[in-house]
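Here are my notes on this one, jotted down while going through the coordinates. Have a look at the structure first, then see whether you read it the way I do.

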Amino acid sequence: MAIYAVGDIQGCYENFCCLLDEIKFDSSNDTLWVAGDLVNRGPDSLKTVRHIKSLGKSARVVLGNHDLHLLAVARGAQSRKRKDTFGDILDAPDVDELMDWLRHQKLMVRDKTRKIVMTHAGVPHIWKIKQAKRYAKEIETVLKSDDCDAFLKEMYGNTPKMWCESLAGMERLRVITNYFTRMRFIDEGGVLDFDSKLGPLNAPPGYKPWYAFTRNGSSKIIFGHWAALEGRVSNPQMVAVDTGCVWGGKLTAVNLETWERTSCACNFDERASKDNQ
Ligand SMILES: Nc1ncnc2c1ncn2[C@@H]1O[C@H](COP(=O)(O)OP(=O)(O)OP(=O)(O)OP(=O)(O)OC[C@H]2O[C@@H](n3cnc4c(N)ncnc43)[C@H](O)[C@@H]2O)[C@@H](O)[C@H]1O
């Protein structure tokens, strides 16, 4: 009865299968926490989503920025970008079923007994875990509702850059989405930076990696999103699981009881494939 967390798969289906074999994942006994960005940039988004969906209750999934972007494109709220590689999903006969499943996934999952939470990008120090769970629910609720398309259309953008409890409507939903799915560097007051995607030593002046701020409480936070971290963070309370599979790195699973890491080297490099075009 093991629990594993896996980082950004981004359509690297072969590596995903290799990793499941490597950890001897048994869906009738084990649980897989999937830290978001199931799709895009990699070669097999369709197979990846179908497989994770087929795991049923054995998989607990949070949505990443690429998953939300796929939903927006599939539902006609946004146009497809040149670099998007999820055309296999858009053309699939079961696209509606898959997208319906996707929009019913979470922004944050929590195991209160084990004191573990997972979101795609992290949880800012300005929010307590209980508060964050409430904000995640606001997005989950709108995704499942008839307002889903209106939300996906207005979701894009970098403003507001900072949380304020009095925010309402789309501004509130957009900033919550950005903390959960796009955050890397923030400042003491919680202002988000959207420019730097490099490693933690490249913080813009006045900013730090979100996980470097002290937070109260003992919950461990599992997150993906930030490939340049290569799965390493300075704070033992945080567990980074994006090891840049789609960028020529590895796909990693972390056992959430023993904290042992298992990785499969990638056989696809998005950067190399771009260079060869
Ligand atoms: N509310 C919203 N507003 C706006 N857009 C929204 C949105 N919601 C969803 N989106 C969508 O989000 C998508 C992402 O946009 P982008 O931000 O353009 O996507 P990206 O560069 O591929 O970043 P990614 O999120 O994949 O991060 P990663 O760390 O893996 O990769 C980042 C970089 O790190 C580099 N990298 C990887 N490994 C590294 C390493 N080991 N060392 C250094 N750099 C590394 C890579 O080369 C890469 O350039 C777009 O489709 C956009 O439409």
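1. Let me start with an odd spot. Glu230 counts as partly exposed, because it has 16 C-beta neighbours inside 10 Å. You'll find Glu230 in the loop between β9 (220-223) and β10 (238-240). What caught my eye is the backbone: phi of Glu230 is near 50 degrees, a positive value in a residue other than glycine. Do keep in mind that this is a predicted model.

2. Gln10 is another non-glycine with a positive phi, this time about 45 degrees. Gln10 belongs to the loop between β1 (3-6) and α1 (13-22). Buried or exposed, then, for Gln10? Buried: 35 other C-beta atoms lie within 10 Å of Gln10, and the cut-off for burial is 20 or more.

3. While we're on backbone oddities, there is a cis peptide bond between Thr159 and Pro160, with omega at about -10 degrees. Pro160 is in the loop between α7 and α8.

4. Now the overall picture. The chain has 9 helices and 12 strands. Its radius of gyration is 17 Å, close to the 19 Å that the globule rule gives for 277 residues, so the chain is as compact as a globular protein of that length. The C-alpha trace spans about 45 × 40 × 40 Å along its principal axes. Of the 277 residues, 43% count as buried. As for contacts between residues at least 6 apart in sequence, 68% of them join residues at least 24 apart.

5. The pairing of α6 (residues 129-144) with α8 (residues 169-181) deserves a look. The two helices pack at about 110 degrees, their axes 10 Å apart, and are therefore roughly perpendicular to each other. Their crossing is left-handed. On the α6 side the contact uses Tyr135, Ala136, Glu138, Ile139 and Val142, and on the α8 side Leu173, Ile176, Thr177 and Phe180. Sorted by class, the residues of this contact are 7 nonpolar, 1 polar and 1 charged.

6. Then there's α3 (residues 65-74) against α5 (residues 95-103): the axes come within 10 Å and cross at roughly 135 degrees, which makes α3 oblique to α5. This crossing is left-handed. Which residues of α3 meet α5? They are Asp67, Leu71 and Ala74, and their partners in α5 are Val95, Met99, Leu102 and Arg103. The contact of α3 with α5 has 5 nonpolar and 2 charged residues, and no polar ones.

7. Stay with α3 for a moment, since how covered this helix is bears on the previous point. 10 of its 10 residues are buried. Among them are Asn65, His66, Asp67 and His69, alongside Leu68, Leu70 and Leu71. What do the buried residues of α3 pack against? The answer is α4 (87-90), α5, α7 (148-154) and α8. After α3 comes Gly76, with a positive phi near 75 degrees.

8. Finally, Lys57, in the loop between α2 (45-54) and β3 (59-61). Lys57 is exposed, with 7 other C-beta atoms within 10 Å; the cut-off for exposed is 12 or fewer. From C-alpha to C-alpha, Lys57 and Ser28 are 9.6 Å apart in space, while in sequence they are 29 residues apart.

Terms used. Residues are numbered from 1 along each chain as its sequence is written. This is a predicted model: local features need pLDDT of at least 70, side-chain atom pairs count only at pLDDT 80 or more; totals for chains, interfaces and linings use all residues. Helices (H or I, at least four residues) and strands (E, at least two) are DSSP runs, numbered from the N terminus. The radius of gyration is taken over C-alpha atoms; the globule rule is 2.2 Å times the number of residues to the power 0.38. Two residues are in contact if their C-beta atoms, placed from the backbone, lie within 7 Å. Axes are lines fitted to C-alpha atoms, for helices over the stretch in contact, and angles run from 0 to 180 degrees between N-to-C directions. Angles under 35 degrees count as roughly parallel, over 145 as roughly antiparallel, 65 to 115 as roughly perpendicular and the rest as oblique. A crossing is left-handed if the near helix is turned anticlockwise from the far one by less than a right angle, and right-handed if clockwise. Ala, Val, Leu, Ile, Met, Phe, Trp, Tyr, Cys and Pro count as nonpolar, Asp, Glu, Lys and Arg as charged, and the others, Gly among them, as polar.
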